[in-house]
Amino acid sequence: MKKFIAYIVKALVDHPERVQISEIAGRNNIIIEVRCHAEDMGRIIGKNGKTISAMRMLLAGLAAKHKRKVVLEVVE
């Protein structure tokens, strides 16, 4: 799932080399944190949060296949 989000986020931003993605796995859930350049935050979040919502929905579908839950956070 980390590679999946990395692929999407790096395609969206202007500074793909500054993208850092960390994954914290629990028993039934996973937390994925995305850190990026300050100028790219708006591109990841999108207008009214639509881009990040779409990524969260894609992740939820992928996680459901593995019977897990995923939380995607954008960290400054």
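**A walk through an α-β-β-α-α-β chain**

Following the sequence from start to end, you meet the elements of the protein in the order α-β-β-α-α-β. With a radius of gyration of 12 Å, close to the 11 Å that the globule rule gives for 76 residues, the protein is as compact as a globular protein of that length. The model in front of you is predicted, and its secondary structure comes to three helices and three strands.

Now for the overall dimensions. The C-alpha trace spans about 35 × 20 × 20 Å along its principal axes. Burial applies to 30% of the 76 residues, and the protein exposes about 5,300 Å² of surface, with 52% of that supplied by carbon and sulfur atoms. If you like to think in contact maps, consider contacts between residues at least 6 apart in sequence: 55% of these join residues at least 24 apart. As for charge, the protein carries 14 positive and 8 negative charges, and the mean positions of the two sets are 12 Å apart.

Let us zoom in on one residue. Serine 22 sits in strand S1, which covers residues 20-25. Is serine 22 buried, exposed or partly exposed? Its relative accessibility is 29%, and because partly exposed covers the range between under 20% and over 50%, serine 22 counts as partly exposed. Beyond its neighbours within four places in sequence, serine 22 is in contact with Ile31, Ile32 and Glu33. You can also look back along the chain to alanine 6: 16 residues separate alanine 6 from serine 22 in sequence, and their C-alpha atoms are 9.9 Å apart in space.

Key: Residues numbered from 1 in each chain as written. Predicted model: local features only at pLDDT ≥ 70, side-chain atom pairs only at ≥ 80, totals over all residues. Heavy atoms only, no water. Helix = DSSP H or I, 4+ residues; strand = E, 2+ residues; numbered from the N terminus. Rg over C-alpha atoms; globule rule 2.2 N^0.38 Å. Buried < 20%, exposed > 50% of the residue type's maximum accessible area, 1.4 Å probe, protein only. Contact = heavy atoms within 4.5 Å. Areas by Shrake-Rupley, 256 points an atom, 1.4 Å probe, with all protein chains shown as cover. Lys, Arg positive; Asp, Glu negative; His and termini not counted. Charge placed at Lys NZ, Arg CZ, Asp CG, Glu CD.
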